[in-house]
Amino acid sequence: MKTDFYAEAKELAPKLALIRETFHRTPELGNREFNTAKLIEKYLDEIGISHRRVLDTGIIARIDGALPGKNSALRSDIDALPINEATGVSFVSQNSGCMHACGHDVHMTGVLGAAMILKAHQKDLHGSVTFLFQPDEEGDGGADRMIKAGALENVDAVFGAHVDPMLPAGHVGVKYGNFYAASAMFKIVVIGKSAHGAQRDKGIDAIEVSAHIIPEILKIPGGVVSVGTLNAGTAGNILAGRSEFRGIIRTYGTDERAEMCRKFEEICNKISKSFGAKCECNFIFSCPGVVNDNEKLTSLVENTARETLGSERVHIIEKPLFISEDFGFYIMARTGNFYHIGAGCEYPLHSDKFLPQPDAFITASAVHAAVVQNFNSQD
């Protein structure tokens, strides 16, 4: 008789709700998730799963099944965003200027829920399951550092998920192939020449140069460019001798990212030179993109979700997203699959009113547990 993972997750709902609300009240920014890590360790101790701390706030935990099989991993990100929450719920963030506006509170709860279910079925569990609680997904990215710290030792495949406000709560979205974008953060410094505001011909206005560069880089085909900050000048009556703007480039694939950065730098230098200014372009390649290139694993997730939830609650995502996610490092290092959990929320990710419904962490718990059990028991 097959285990009804969703029914078991629903039975855990009151306990999981308290866990989710605790995480939501106490969000922390990347690499500062010290209280969050202590909470995760507390919950793992209650479940009876051994764990170790890495990267100051990262956690690697593991459960060994009684039956032979493959070894899988479930990953959750644990950091929050620098946003003042405006949801008005009873468990609103108590840390001013910080909020779980990307659903990482639900991600952590879902992986812990799966851990509870799998621990209860340890006698029937094949192989082993490693639970990865990763810091700093929203910042510079913690996935690559987790891997270097030993997160994938004795792991055959890694699975993870992200809440999706476009999907109804309790539903799952599956994507074959390209899913999330590769990204590169950029800092562009334009060096002009300051001068009196009444004598523009005596200087080189770095703000004017930047104002010509930005519209052109936003039009580069093959991806999406976003400029998030622009800083220049010291006073209203002085031409700015220096301008700095920062942002992010997103493309479908690392080759496309490299080509887009090349075009980007070419445009910046050409326009700067035409004004007599200089330009410094700095790129930091961050997320490599999430590509579910193992069709067998994607099919396993799809079929498992249909078995667990019913086919009417499983959707095939047709178009890739320009969102970035560092889960791609895990897939590149081993293999794996990334899927979506419906949040049923009218507000988008990173909104100060983003709040997934409770069925999101119930569904995540059930699907995670079923996916790793099915993968581990394969021949």
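These legends walk through an overview and several close-up views of one predicted protein model.

The model is predicted, so local features need pLDDT of at least 70 and side-chain atom pairs count only at pLDDT 80 or more, while totals for chains, interfaces and linings use all residues. Residues are numbered from 1 along each chain as its sequence is written, and side-chain values use heavy atoms, with hydrogens and water left out.

**Figure 1. The whole protein, with 10 helices and 14 strands.** Helices (H or I, at least four residues) and strands (E, at least two) are DSSP runs, numbered from the N terminus. Along the principal axes, the C-alpha atoms fill a box of roughly 85 × 40 × 40 Å. The radius of gyration is 23 Å, which agrees with the value near 21 Å for a compact globule of 379 residues; this radius is taken over C-alpha atoms, and the globule rule is 2.2 Å times the number of residues to the power 0.38. Of the 379 residues, 54% count as buried, where buried means under 20% relative accessible area, exposed over 50%, and partly exposed in between (1.4 Å probe, protein chains only). A contact means heavy atoms within 4.5 Å; of the contacts with a separation of 6 or more, 80% join residues 24 or more positions apart.

**Figure 2. Helix H8 and the glycine that follows.** Helix H8 covers residues 295–309, and the C-alpha atoms at its ends lie 21 Å apart, in agreement with the 21 Å that its 15 residues should span at 1.5 Å a residue. The expected span is 1.5 Å times one less than the number of residues. Buried residues of H8 include Leu297, Leu300, Val301, Thr304 and Thr308. An α-helix has 3.6 residues a turn, so residues three or four places apart point the same way. Just after H8, Gly310 takes a positive phi of about 100°.

**Figure 3. A closer look at Thr308 in helix H8.** Thr308 counts as buried because its relative accessible area is 14%. Not counting residues up to four places away in sequence, Thr308 touches Phe5, Tyr6, Ala366 and Ala370.

**Figure 4. Ile47 in helix H3.** Helix H3 runs over residues 34–47. With a relative accessible area of 15%, Ile47 is buried. Its contacts, leaving aside neighbours within four places in sequence, are Leu112, Ala115, Met116 and Lys119. Gln373 is 326 residues from Ile47 along the chain, and their C-alpha atoms are separated by 18 Å.

**Figure 5. Arg52 in strand E1.** Strand E1 spans residues 50–54. Arg52 is partly exposed, at 38% relative accessibility. Setting aside neighbours within four places in sequence, Arg52 is in contact with Gly58, Ile59, Ile60, Ala149, Gly150 and Glu153. The C-alpha atoms of Arg52 and Asp77 are 16 Å apart, with these positions 25 residues apart along the chain.

**Figure 6. Two loop residues, Asn31 and Asp136.** Most residues other than glycine have a negative phi. Asn31 has a positive phi near 70°, and Asp136 has a positive phi of about 60°. Asn31 belongs to the loop between helix H2 (13–25) and H3, while Asp136 sits in the loop between strand E4 (126–134) and helix H5 (143–148). Asn31 is partly exposed, with a relative accessible area of 33%, whereas Asp136 is buried at 5% relative accessibility.
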